[in-house]
Amino acid sequence: MRRLTLRNVVVAALLAALVLLPVYAGLAHDRFVLTLFTRIVILAMAAVSLNLILGFGGMMSFGHAAYLGIGGYAVGILAFEGVPSGLVQWPVALGASALFALVIGALSLRTRGVYFIMITLAFAQMAYYIVAGLARYGGDDGLTIQKRSQFFAPLDLGDKVQFYYLCLVLLFAALYLVWRLVNSRFGLVIQGARSNDMRMRAIGFPTYRYKLVCFVIAGTLCGLAGALLANHADFVSPAMMYWTRSGDLIVMVVLGGMGSVLGPVFGAVALLVLEEVLSGITEYWQIILGPLLLLVVLFARGGIDGLLGKVRHD
Amino acid sequence: MTLFIEQCLNGLQFGLLLFLLAAGLTLVFGIMDLVNLAHGSLYMVGAYLAATFTAWTGSFVLGVVLALAATLVVGMAVEVVVMRRLYGRDHLDHVLGTFGLILFFDELVRLIWGPEGLSLSLPSWLNTSIAILPGVDYSAYKFAVIVVTLAVAAFLYVLVMRTRVGMLIRAGASNREMVGALGVNITLLYTLVFGLGAALAGLAGLMQAPILTVQIGMGENILILAFVITVIGGIGSIRGALVAALLVGFIDTLGRSYLPDFLRVVLSPNAAATAAPALSSMLIYLLMAVVLVVKPEGLFSQGGK
């Protein structure tokens with residue numbers, strides 16, 4: 001296992017780069033790169049949570065951005081109503097996301113395949129319209145957060161470096177959680193249900209319940225990413241749960257490599273850095289990104305992690 | 001009462017429009033087993049082309065006919081260049097690939113027509129109101145849309161149920177390999193079906209264009225509604241799409257106009273004013289949830305697919 005393969009080198013380099021990034025930002029006085037990578041780390045966490053259901057569970061949710069919005073709005077609304085404490089805001093964000101995932105999951109998991117894709121998409125859009133209709137909290141225009149979540153003394157989310165490390169630690173914790181889950185009995189049942197649901201039921205596993213629990217865990221994790229994202233932007237708006245954002249998350253997971261614990265992190269870094277680079281080249285960068293996605297779908301099925309792994313096998 | 005009839009007609013018109021979109025989506029899914037998110041892009045392309053051709057030729061009818069033909073060609077080109085390579089792949093691949101196509105089309109439209117929307121103005125003979133019942137006036141254009149969509153629905157029925165091509169389409173939906181093995185040019189058939197779906201989407205887009213503005217992203221919101229309809233109706237069923245589209249059209253239109261009044265009876269005026277917009281945009285999703293609980297495969301599912 002612990003050999004010097006290309007994949008291990010790249011993984012180590014990426015993790016080291018993520019850890020050392022604030023040092024570089026401090027030395028080079030480059031605040032932009034720190035802001036960009038805080039965003040990348042947060043969205044990577046959302047992608048990691050999606051990968052749990054999409055990559056391991058085979059549940060093609062197309063509404064994952066809804067939890068980003070729910071987590072974000074929990075923080076935003078509580079801050080607006082005069083509850084700045086993160087110790088209240090974050091549990092509410094997690095609880096609300098978990099509850100939403102439970103209701104949506106209970107209904108959606110009754111179906112499979114393409115129905116599941118469309119239903120999760122439709123429910124997420126429903127959440128989008130509800131939030132856009134909240135006139136008290138800015139409606140379509142969104143809600144500015146005056147003060148980031150307040151925690152106990154040394155932890156200050158207003159400090160960019162501290163906030164970056166907090167996000168990074170939470171990302172690593174999420175990765176560890178997913179890794180443990182996937183390799184546990186629970187994770188094996190989930191993966192078994194992905195490859196053959198009927199067989200798993202035949203040998204006595206109530207796969208519906210297992211999948212629902214998995215769905216709720218993923219939603220809760222993404223709700224946490226939403227709370228972070230709201231703090232990062234100091235702003236929440238319905239746009240953060242629009243369905244194209246769900247599409248972006250799927251792109252990150254597939255681009256990085258489905259069903260690989262670290263894959264979504266590669267995917268998030270690759271997609272967001274690519275967006276940044278392309279939008280520097282031309283205003284019409286999506287005209288390049290779109291066909292590029294198609295090419296990935298057609299020719300690079302295993303994503304980045306798959307490509308790195310392939311080199312090892314040759 | 002007059003208002004109620006008018007709202008019912010609006011619901012009918014919106015429902016039939018949604019049917020055009022959902023029919024293409026469900027045809028393509030039923031026959032090619034392809035999830036096409038880019039269907040909304042074809043709706044947008046149809047609207048943009050109609051606005052452009054009408055401005056060029058100066059004639060609404062000529063512009064519409066040209067736009068319809070052009071959308072058909074665009075659809076067939078998309079099928080030949082991209083979609084053909086996606087058949088037989090995982091649904092997730094379809095979602096991702098066609099998501100890429102949406103980005104491409106949105107940006108292409110921005111590049112060609114600019115970020116501001118276009119408007120498509122009606123000729124004077126459509127821009128009037130007519131008396132559909134004694135004492136009830138209704139927009140002539142919306143009435144024309146109802147007539148055209150009903151005609152298209154009838155055409156689709158005859159095409160699919162009564163012609164040789166339709167027979168092949170139905171056969172292709174139930175067993176692709178067998179139809180191919182019997183010597184039918186299945187590649188050409190698929191291109192035609194996809195083009196037909198594209199033309200239906202384009203027709204929906206260009207008919208909606210004079211009512212709303214033509215803008216980037218116009219196809220995406222309505223695409224979700226079309227998805228809801230295909231799910232409610234049962235994927236692959238055109239009849240299901242028609243029933244579900246009418247249901248959604250009526251519920252959405254009537255909900256938006258009467259729910260605020262209804263809530264005011266039950267709740268305080270203040271609470272009603274806050275809850276009504278959110279609840280009325282939720283209604284169709286609630287309908288979908290109810291349908292799913294009762295029949296997870298949709299109202300008119302074809303079973304075993």
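What percentage of the contacts in chain B between residues at least 6 apart in sequence join residues at least 24 apart? In this predicted model, the share is 75%. The legends below take up the two chains, their interface and selected details of chain B.

**Figure 1. Overall fold of chain A, built from 13 helices and 2 strands.** The C-alpha trace of chain A extends over about 55 × 45 × 40 Å along its principal axes. A compact globule with 314 residues would have a radius of gyration near 20 Å, and the 19 Å of chain A therefore agrees with that expectation. Buried residues account for 50% of the 314 residues in chain A. Of the contacts in chain A that link residues at least 6 apart in sequence, 77% connect residues at least 24 apart.

**Figure 2. Overall fold of chain B, with 11 helices and 2 strands.** Read from the N terminus, the elements of chain B follow the order α-α-α-α-β-β-α-α-α-α-α-α-α. The principal axes of the C-alpha trace of chain B measure about 65 × 50 × 40 Å. Chain B has a radius of gyration of 20 Å, which agrees with the value near 19 Å for a compact globule because the chain has 305 residues. In chain B, 49% of the 305 residues count as buried.

**Figure 3. Interface between chain B and chain A, seen from the residues that chain B contributes.** Contacts at this interface involve 36 residues of chain B and 35 residues of chain A. On the side of chain B that touches chain A, the elements giving two or more residues are helix H4 (91–113), helix H9 (218–233) and helix H11 (269–294) of chain B. H4(B) supplies the largest share of that side, 16 residues. By class, the residues on the side of chain B that touches chain A comprise 26 nonpolar, 5 polar and 5 charged.

**Figure 4. Crossing of helix H3 (residues 60–81) and helix H8 (residues 186–208) of chain B.** The two helix axes come within 7 Å and cross at roughly 140 degrees. H3(B) is therefore oblique to H8(B). The crossing in which H3(B) passes H8(B) is right-handed. On the H3(B) side, the residues that meet H8(B) include Val64(B), Ala67(B), Leu68(B), Thr71(B), Leu72(B) and Glu79(B). Their counterparts in H8(B) include Tyr190(B), Phe194(B), Gly195(B), Ala198(B), Gly202(B) and Leu206(B). The contact of H3(B) with H8(B) contains 13 nonpolar, 6 polar and 1 charged residues.

**Figure 5. Surroundings of Leu20(B), a residue of helix H1 (residues 2–32) of chain B.** Leu20(B) has 29 C-beta neighbours inside 10 Å and therefore counts as buried, the cut-off being 20 or more. Leaving aside residues up to four places away in sequence, Leu20(B) touches Thr149(B), Val152(B), Leu200(B), Leu203(B) and Ala204(B). Among these, Leu203(B) also belongs to the residues of H8(B) that meet H3(B). Leu150(B) lies 130 residues from Leu20(B) along the chain, and the C-alpha atoms of the two residues are separated by 9.8 Å.

Key
Residues numbered from 1 in each chain as written. Chains lettered and ligands numbered in written order. Predicted model: local features only at pLDDT ≥ 70, side-chain atom pairs only at ≥ 80, totals over all residues. Helix = DSSP H or I, 4+ residues; strand = E, 2+ residues; numbered from the N terminus. Rg over C-alpha atoms; globule rule 2.2 N^0.38 Å. Buried ≥ 20, exposed ≤ 12 C-beta atoms within 10 Å, placed from the backbone. Contact = placed C-beta atoms within 7 Å. Nonpolar A, V, L, I, M, F, W, Y, C, P; charged D, E, K, R; others polar. Axes fitted to C-alpha atoms, helices over the stretch in contact; angles between N-to-C directions. Parallel < 35°, antiparallel > 145°, perpendicular 65-115°, else oblique. Left-handed = near helix turned anticlockwise from the far one by under 90°.
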